[in-house]
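Hi there,

I am handing over the structure we talked about, so please have it open while you read. My notes on what turned up follow right after it.

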Amino acid sequence: VNHHHSLSQTPNARLQWHVPVMNQTLLHRRQQHHHAELFQQTAKKVAETHGKSLMMDLVALREIGEDEEITIDYGKEWTEAWKKHSRRWNMKDSSDYISAEDFQKSNTESFVRTFEEQKIHPYPNNLELFCFYQLHDEDEKYDEDE
């Protein structure tokens with residue numbers, strides 16, 4: 001979900017506190033995910049509460065196309081803060097600034113560097129690279145005779 005920032009279009013979704021779509025009294029209280037009574041408690045009390053949560057619903061405001069990005073309005077305060085930040089920020093303040101797109105284009109040979117390689121040729125300060133790997137047992141087909 002991204003911030004809606006186009007002046008020519010309107011957001012296609014919104015966030016709201018969860019609204020149950022079925023009769024939740026049919027479920028045992030611990031099986032219900034949204035516990036509105038938490039709104040009446042302090043943040044500390046909510047953090048100490050186990051087995052209860054608050055939920056938000058992402059609601060489509062109109063038909064959303066298959067490849068269309070979901071956008072919401074973050075509100076006037078956020079928009080004004082972003083405009084202020086954009087006016088003050090200058091990417092040229094960093095001598096090694098490079099956009100993620102330009103970095104990717106210029107590093108086709110060795111995108112992921114070892115710790116030793118990073119000592120000699122570190123990544124730009126404005127970029128963070130992460131590697132996530134998950135092995136799924138069902139994806140692995142082992143032939144025990146090999």
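To begin with the chain as a whole, buried residues make up 14% of its 146 residues. Please keep in mind that this is a predicted model. The chain exposes about 13100 Å², and carbon and sulfur atoms supply 53% of that area. Among contacts with a separation of 6 or more, 56% are between residues 24 or more positions apart.

The secondary structure comes to four helices and four strands, and along the sequence they follow the pattern β-β-α-β-β-α-α-α.

A word on confidence. The mean pLDDT of the chain is 77, with 72% of the residues at 70 or more. Strand E2 has the highest confidence, at a mean of 91, while strand E1 (residues 2-3) has the lowest, at 74. For residues 142-146, pLDDT stays under 50, and the model has zero contacts for them beyond four places in sequence.

Now to the surface. Which residues form the nonpolar patch there? They are Val-1, Leu-15, Trp-17, Phe-39, Leu-54, Met-56, Leu-58 and Ile-70, with about 710 Å² of accessible area together. Strand E2 (13-17) and strand E3 (56-60) are the elements that give two or more residues to this patch. One of the patch residues, Met-56, lies in strand E3 and counts as partly exposed because its relative accessibility is 45%.

Met-56 also turns up beside Gln-16, a residue of strand E2. Beyond its neighbours within four places in sequence, Gln-16 is in contact with Met-55, Met-56, Asp-57 and Val-59. Is Gln-16 buried or exposed? Its relative accessibility is 18%, so Gln-16 counts as buried.

Leu-38 is worth a look too. It lies in the loop between E2 and helix H1 (43-48), and its relative accessibility of 3% makes it count as buried. Leaving aside neighbours within four places in sequence, Leu-38 is in contact with Val-46, Thr-49, Lys-52, Ser-53 and Leu-54. The last of these, Leu-54, is 16 residues from Leu-38 in sequence, with 7.5 Å between their C-alpha atoms. Leu-54 is also a member of the nonpolar patch.

On to charges. Side chains of opposite charge can pair when their charged atoms come close. The count here comes to four salt bridges, including these:

- Glu-68 and Arg-62 meet through their side chains at 2.5 Å, N to O. Glu-68 is partly exposed, with a relative accessible area of 31%, and Arg-62 is partly exposed at 38%.
- Lys-83 pairs with Glu-80, their closest N and O atoms being 3.7 Å apart. Both lie in helix H2 (residues 76-88), three residues apart, about one turn of the helix. Lys-83 is partly exposed at 41% relative accessibility, and Glu-80 is partly exposed at 41%.
- Lys-105 pairs with Glu-101, with 3.4 Å between the closest N and O atoms. The two are separated by about one helical turn because they are four residues apart in helix H3 (residues 100-106). Lys-105 is exposed, and so is Glu-101.

Finally, there is a cysteine to look at: Cys-131, found in the segment after helix H4 (115-120). Cys-131 counts as exposed, at 70% relative accessibility. Its C-alpha atom is separated by 8.4 Å from that of Val-112, 19 residues away along the chain.

Happy browsing, and best wishes

Note on methods. Residues are numbered from 1 along each chain as its sequence is written. This is a predicted model: local features need pLDDT of at least 70, side-chain atom pairs count only at pLDDT 80 or more; totals for chains, interfaces and linings use all residues. Side-chain values use heavy atoms; hydrogens and water are left out. Patches are made of residues with over 30% relative accessible area and no salt bridge: like charges are joined within 9 Å, nonpolar side chains (Val, Leu, Ile, Met, Phe, Trp, Tyr) within 5 Å. Accessible areas come from the Shrake-Rupley method with a 1.4 Å probe; for residues, only the protein chains shown count as cover. Buried means under 20% relative accessible area, exposed over 50%, partly exposed in between (1.4 Å probe, protein chains only). Contact means heavy atoms within 4.5 Å. pLDDT is the predictor's confidence in each residue, from 0 to 100.
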